[in-house]
Amino acid sequence: MSKFLEDMLEQSEAVRTIISTSDVVFEKAKSLNFERVLFTGMGASLHASEVAASFLRYSGIDAESFEMSEIITYSSQELLKRYSTIFLISQSGESAELIRFIEENKALLPSMTLVTNNEKSSAAKAFPDERVFPLFAGNERSMGATKTFVNSIVLTLMISAFRTARRLNFSDLPTRMDEALSHDLSWLAAMLSEKRERILVARGFGIGVGKMARLMFAEVAKLSLIFYSGASFRHGPVDLLADKPVVITMNPKGETYDLMQELHNDIYDKCDLITLTNSREGNVKSIYVSDGLEEVLAFIPMMNLLQKTAEEIARNRGFDPGSGVFGTKVTTKE
Ligand SMILES: N[C@@H]1[C@@H](O)[C@H](O)[C@@H](COP(=O)(O)O)O[C@@H]1O
């Protein structure tokens with residue numbers, strides 16, 4: 001079994017564990033100021049936080065998510081001071097940018113909070129326990145985050161839900177994740193291995209997940225998957241349909257479901273279109289996933305489905321899923 005597959009199969013258990021810590025999470029979250037929130041990190045950790053940032057904005061709370069490396073060089077401490085809470089997300093707690101960010105912004109430590117899978121990391125040492133939210137994802141072996149990505153989404157949503165009036169029901173999520181991984185996806189892996197453009201489209205809470213899918217395809221399958229938000233795809237990139245690409249959309253029931261359906265109607269005869277959805281109504285080729293989950297959580301099992309596909313593509317292409325060729329799980333050089 002590949003490292004990536006091993007990690008993948010442990011995800012639902014990891015989610016059960018993080019959900020079981022909700023009382024401690026809510027207790028710690030009480031001391032956080034949600035006036036103006038920034039989430040920052042690199043790679044999977046950054047993309048996971050984009051879900052909570054859009055969830056908070058959707059609930060009327062001022063929240064943003066920016067890549068840490070860009071903040072370091074192209075922003076300033078004066079601007080960072082304006083955030084009431086800065087969430088640093090890092091599964092390892094050792095990424096080069098994270099260490100530098102903490103070092104260069106020591107004056108802002110009181111407004112920072114760390115989300116990490118490694119409570120003994122260099123980053124964690126800079127924070128008191130009440131400012132560290134552990135991911136409880138267990139040992140993650142592979143390059144191409146799985147358990148820590150999903151647990152980062154769930155944990156930052158748990159923290160965010162504490163502040164909003166919107167209650168989130170996570171209880172069915174682990175079962176839906178396992179169901180997603182039980183699909184036979186060999187046909188999709190074969191289609192995505194062909195020498196033509198692969199495009200992924202999603203909106204809203206799916207944008208962070210879509211960017212993560214792009215990263216995972218690069219890290220695991222060693223293939224490029226282009227990601228667009230549903231709206232930006234219409235603003236020009238639809239011309240990629242000229243070469244009949246494979247287009248996957250993630251379209252759970254929710255705010256923009258109908259708009260995405262319209263997009264399907266407009267493009268289905270110009271590409272191989274597959275939609276991941278929890279609606280039975282669609283009239284294009286669908287993979288049914290995330291049954292009954294609310295919009296913000298529905299993208300997680302969709303990601304699991306894409307993980308399984310990427311794992312199979314990697315094996316078909318002769319790569320060891322979860323091992324980097326040039327990349328590494330922890331990047332210690334900026
Ligand atoms: N190749 C890895 C990515 O897979 C990971 O997402 C990123 C952030 O890692 P961390 O969350 O440990 O800071 O670092 C590396 O570049």
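Where is Ser290 found? In this predicted model, Ser290 sits in the loop between E10 and helix H14 (295-316). We'll come back to that loop after a look at the sheet.

**The sheet**

Five strands make up an open sheet with parallel pairing, in the order E7-E6-E8-E9-E10. Strand E7 (226-229) and strand E10 (286-288) stand at the edges with a single partner strand each, so one side of each has no neighbour in the sheet. Going from one strand to the next, the twist averages 20 degrees. As a bit of background, strands of a sheet pair through backbone hydrogen bonds, and they can do so in a parallel or an antiparallel way.

Here is how some of these strands line up:

| Strand pair | Sense | Bridges | Residues standing opposite |
|---|---|---|---|
| E6 and E7 | parallel | four | Val201 and Tyr228 in E7 |
| E6 and E8 | parallel | four | Leu200 and Ile248 in E8 |
| E8 and E9 | parallel | five | Ile248 and Ile274 in E9 |

Ile248 is a handy landmark here: Leu200 stands opposite Ile248 in E8, and Ile248 also stands opposite Ile274 in E9. To get from E8 to E9, the chain runs through helix H13 (residues 257-267), and this β-α-β crossover is right-handed.

**A closer look at E8**

How many residues of strand E8 are buried? Five of its five residues (246-250) are, so to speak, tucked away: the strand is mostly covered. In a regular strand, side chains alternate between the two faces of the sheet. E8 shows two sets: Val246, Ile248 and Met250 point one way, while Val247 and Thr249 point the other way. Residues in both sets are buried.

**Around the ligand**

Now for the ligand, which is surrounded by 13 residues. The closest are Ser45, Ser90, Ser92, Ser95 and Thr328. A polar side-chain atom of Ser45 lies 2.5 Å from an oxygen atom of the ligand. For Ser90, an N or O atom in the side chain is 2.7 Å from a ligand oxygen atom. Ala44 takes part through its backbone: one of its polar backbone atoms is 2.9 Å from an oxygen atom of the ligand.

**Ala96 and a distant stretch of chain**

Ala96 has its place in helix H7 (residues 96-104). Is Ala96 buried or exposed? Its relative accessibility is 13%, so Ala96 counts as buried, since the cut-off for buried is under 20%. Which residues does Ala96 touch, leaving aside those up to four places away in sequence? They are Thr331, Thr332, Lys333 and Glu334. Take Thr332: along the sequence, Ala96 and Thr332 are 236 residues apart, yet in space they are 4.4 Å apart, C-alpha to C-alpha.

**Two loop residues with positive phi**

Most residues other than glycine have a negative phi. Back to Ser290, then: Ser290 has a positive phi of about 70 degrees although it is not a glycine. With a relative accessible area of 2%, Ser290 is buried.

Phe136 also has a positive phi, near 50 degrees, and is likewise a residue other than glycine. Phe136 has its place in the loop between strand E5 (132-134) and helix H8 (147-163). At 40% relative accessibility, Phe136 counts as partly exposed.

Methods:
Residues are numbered from 1 along each chain as its sequence is written. This is a predicted model: local features need pLDDT of at least 70, side-chain atom pairs count only at pLDDT 80 or more; totals for chains, interfaces and linings use all residues. Side-chain values use heavy atoms; hydrogens and water are left out. Buried means under 20% relative accessible area, exposed over 50%, partly exposed in between (1.4 Å probe, protein chains only). Two strands pair if DSSP finds at least two bridges between them. A crossover is right-handed if, with the strands pointing away from the viewer, the path from the first strand over the helix to the second runs clockwise. Axes are lines fitted to C-alpha atoms, for helices over the stretch in contact, and angles run from 0 to 180 degrees between N-to-C directions. Contact means heavy atoms within 4.5 Å. A residue is near a molecule or strand if one of its heavy atoms lies within 4 Å of it. A polar contact is a pair of N or O atoms within 3.5 Å; within protein, one must be able to donate a hydrogen and the other to accept it, and residues adjacent in sequence count only if both atoms are side-chain atoms.
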